[in-house]
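User: I would like to go through some of the assignments for this structure and hear what each one rests on. Please set the values against the criteria.

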Amino acid sequence: MEKLRRSMLFCPANEPKMYLSAPLFKPDCIIFDLEDAIPVREKDSARALLCEALQFFDFGDIEIFVRINALSTPFGNSDVLDTVAAGIRRIRLPMCETAQHVVELDTILQKLESSMSLPEGCIKIQCAIETPKGVLNAAEIATASQRIISLSFGAEDFTRSLGIERTLPNKALDHARCQLALVCSSLGIDAIDTVWADLKDMAGFEAEVEEAKRIGFKGKSCIHPKQVQAVHKIFNPSPEAVEHSLKVISMAARAFEQGIGVVTVDGKMVDLPVIHKAERIVNLAIAAGMIESTEVNYDLQKK
Amino acid sequence: MIYKKNKIGRLIPTSIEGIGQLRIYGQIDTEESGFEKPAEIRKTNRSEKKLLQSIEQALDMTCLADGMTISFHHHLRNGDSVLMQVVEAIAQKGIKDLTICSSSLTKAHEGLIDYIKSGVVTGIQTSGLRGQLAREVTENCILPKPVIFRTHGGRARAVEAGEVTIDVAFIAASCCDEMGNMNGKLGPSAFGSMGYPMVDAQYARQVVAITDNLVPYPASPVSIPETLVDYVVQVDSIGDNSLISAGATRMTKSPRELLIADYACQVLIHSGYIKNGFSFQAGSGGASLAVIKSLKDYMSAQNITASFASGGITSHLVSLLEEGFFECLLDTQTFDRLAVESFMKNPRHIEMSASRYANPGAKSCVVDKLDIMILSATEVDTKFNVNVMTTSTGIIMGAQGGHPDTAAGAKLRVVVTPLIRKRIPIIVEDVMTVVTPGEHIDVVVTERGIAVNPKRQNLLARLQKTSLPLMKIEELKNLAEQFTGKPQKIKLGEKIVGIIEYRDGSVIDVIHATAER
């Protein structure tokens, strides 16, 4: 089944209650943050708390990430070593600007996997692209390691680096977001959109998520539980789209069995791109729990 | 002391010094215990002027004496100043050994501690007790006899049945004329419904209205008429009505409470009770209020209009009334400023007495017409018994309110509560204090799971068709303990400091002091 990363909920790693409450809201991913949200004096204790929590809590199907401090800081290396030893298999690398940043982390992870007798490549990386340089190097960054499963965009640092305000609309942001979405799509990895900080403005948040979906992002970084369900609602296909897609697949399968080349559904011709799109929607619906895989009476792989 | 086990397995003494014989919850009473009304006809000297100069004069005129019972209402909640004004005047006159029978007590009444210690007040009967006063009662046993806790309906029943004889009822009114026609609707200290003192006025031996807004005769509208009032006293202030809500009815922003509310709303929807003409009540806690919001969205989408909402009325219910989601509100206690304003202007916002609200001895009452009740809890046990009175460590901190009344009457009783509160499990093997018996609870909704009382198999079958996270209540308890560890048993003192009177007057539980004295 497709692994969804519609919502990636940030939780400061130094707050014990977050470990208890964050899974309640069923985000696809939780990112325990050791970087920006943690004061310098609490870096070590936050890391220790995270490692302890990873031993204690069962997060079920939720994909758990840690946002480490940059490897150039005094904390980055320990963040990797300790959290991987505690069970972390997903790392968000902040302020990633060059392929060299990735290689540096990749080298550490190779050694760790070897010393811990872990399967090679089992620890994955998400690169946070947060500067103009990172955006320009996105393709190089994304191909620097086989471990990379997604790129995430960070608009706050991006606009700060560029010396501009984060306004709406914003052509500079549009360009960067489109660039990341294209790079990820071309490599078959996930593009994750930036956080939205104004918790009071849910309408603005939802508009930005809609836009992210239209651009080609696969998910959104969230900073509050109430954003999670809104993101899922937008990234999930509509029930009508699911119903139509099931119909397309079913009709296409029947046509295939009968040796008919072209089929029409609701008066519209169904060709291969339409079938592929329908498959994507159905797969998404299954992964999102909207339908059971048993409701699809045609093997999607068989075609 | 001889103890007997009541119907839910709690040990209840058969009698307590200063209180007398106790009726045991769930045992059939062989003695006559009907709901007789006092036969005494109260006489007032009609030549006397009702309007008096001061509270002191009212004490003289009513011949208040040692050992009597005086009553108050708590509609002004944290802003009430009438009770303390009266008790201070009583103390100055050297009167002692009084019992305070108040509809409830709040932070505004912490000054009672000194008067209890000096012997002016020796008995308390109330719906609830909080703050320092509650701590002094539980930890330091400052009262010579236990506090009797009654439900709102149970208090009305006890007063009407003559089980409580109120010698003088002191009734704060925000609007009153010189003959005693009064309301809580008008005036600078308006607080809304006068649901609780309506009963007192009818059955107390003497009634004193206390107002800071004396208006020309005849005051209108009338919540309590002059026919029941002996004296009227004008004071500078009856209290601060801005403290009625004191933040208690703010809509929660807590993601956890919103999640609980969302689950609870789904339970209501799938229960089949949400349909045109349904009736509804919810507490004023965070998750309960959030249920109202979620419910509104569903009612709007389905074009459903409810019949009435009842009990304590909040601004959230008022907005539903004004937007046409409810036909009317039946208000026994008005909970915030916007609700007071609604009560002033909207004829479909209707005042009701505590007796009409929930008196089990009445010929009928509103709670028996309720379809849905959303209840809060400080603890729920695996028998579905609910505690809203004491902390998990045994300290008094809450109120019975209408909890057992509405649970007994409503068709669907849903408890909303977090599984864990401040590292303490809320779903437990045995609650510290039983206020509402588990047989009257249908569903417990937490943020991690929903437990349906096995006695409601039909409801369980309906909910099993949904994706809601259903669990057995024991599973919820175990889940809580996975996070918190198994709580150690709290050792309590022998001395009984509180009696939990069920709405029918029997004793469902007792509260022990937290330490041996």
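User: What makes strand E3 (residues 63-67) of chain A count as enclosed or open?

Analyst: This is a predicted model, and the values are computed from it. A residue is buried if 20 or more other C-beta atoms lie within 10 Å of its own. In strand E3 of chain A, 4 of the 5 residues are buried, so the strand is largely enclosed by the rest of the structure.

User: How do you know which strands pair with E3(A), and in which sense?

Analyst: Pairing requires at least two bridges between two strands. Strand E2 (residues 29-33) of chain A is joined to E3(A) by 5 bridges and runs parallel to it; Ile31(A) stands opposite Phe65(A) there. Strand E4 (residues 90-93) of chain A is linked to E3(A) by 2 bridges, also in the parallel sense, with Val66(A) opposite Ile91(A). Both counts therefore satisfy the criterion of at least two bridges.

User: Which helices belong to the β-α-β units that include E3(A), and what is their hand?

Analyst: Helix H2 (residues 43-56) of chain A lies between E2(A) and E3(A) in a right-handed unit. Helix H3 (residues 76-86) of chain A takes that place in the unit of E3(A) and E4(A), which is right-handed as well. The term applies because the path from the first strand over the helix to the second runs clockwise with the strands pointing away from the viewer.

User: Why is Thr294(A) classed as it is, buried or exposed?

Analyst: The limit for exposed is 12 or fewer C-beta neighbours within 10 Å. Thr294(A) has 7, so it counts as exposed. Thr294(A) lies in the segment after helix H12 (272-287) of chain A.

User: Why are E21 and E25 of chain B called edge strands?

Analyst: The open sheet has 3 strands in the order E21-E20-E25 (chain B), with mixed pairing. Strand E21 (386-387) and strand E25 (427-428) each have a single partner strand, so one side of each is left without a neighbour in the sheet. Strand E20 (residues 379-381) of chain B runs parallel to E25(B), joined to it by 2 bridges; Val380(B) has Ile427(B) as its bridge partner.

User: How many residues does each chain give to the contact between chains A and B, and what makes up the side of chain B?

Analyst: Chain B gives 6 residues and chain A gives 6. Helix H7 (residues 255-271) gives the most on the side of chain B, with 3 residues. That side divides into 3 nonpolar and 3 charged residues, with no polar ones.

Conventions. Residues numbered from 1 in each chain as written. Chains lettered and ligands numbered in written order. Predicted model: local features only at pLDDT ≥ 70, side-chain atom pairs only at ≥ 80, totals over all residues. Contact = placed C-beta atoms within 7 Å. Nonpolar A, V, L, I, M, F, W, Y, C, P; charged D, E, K, R; others polar.
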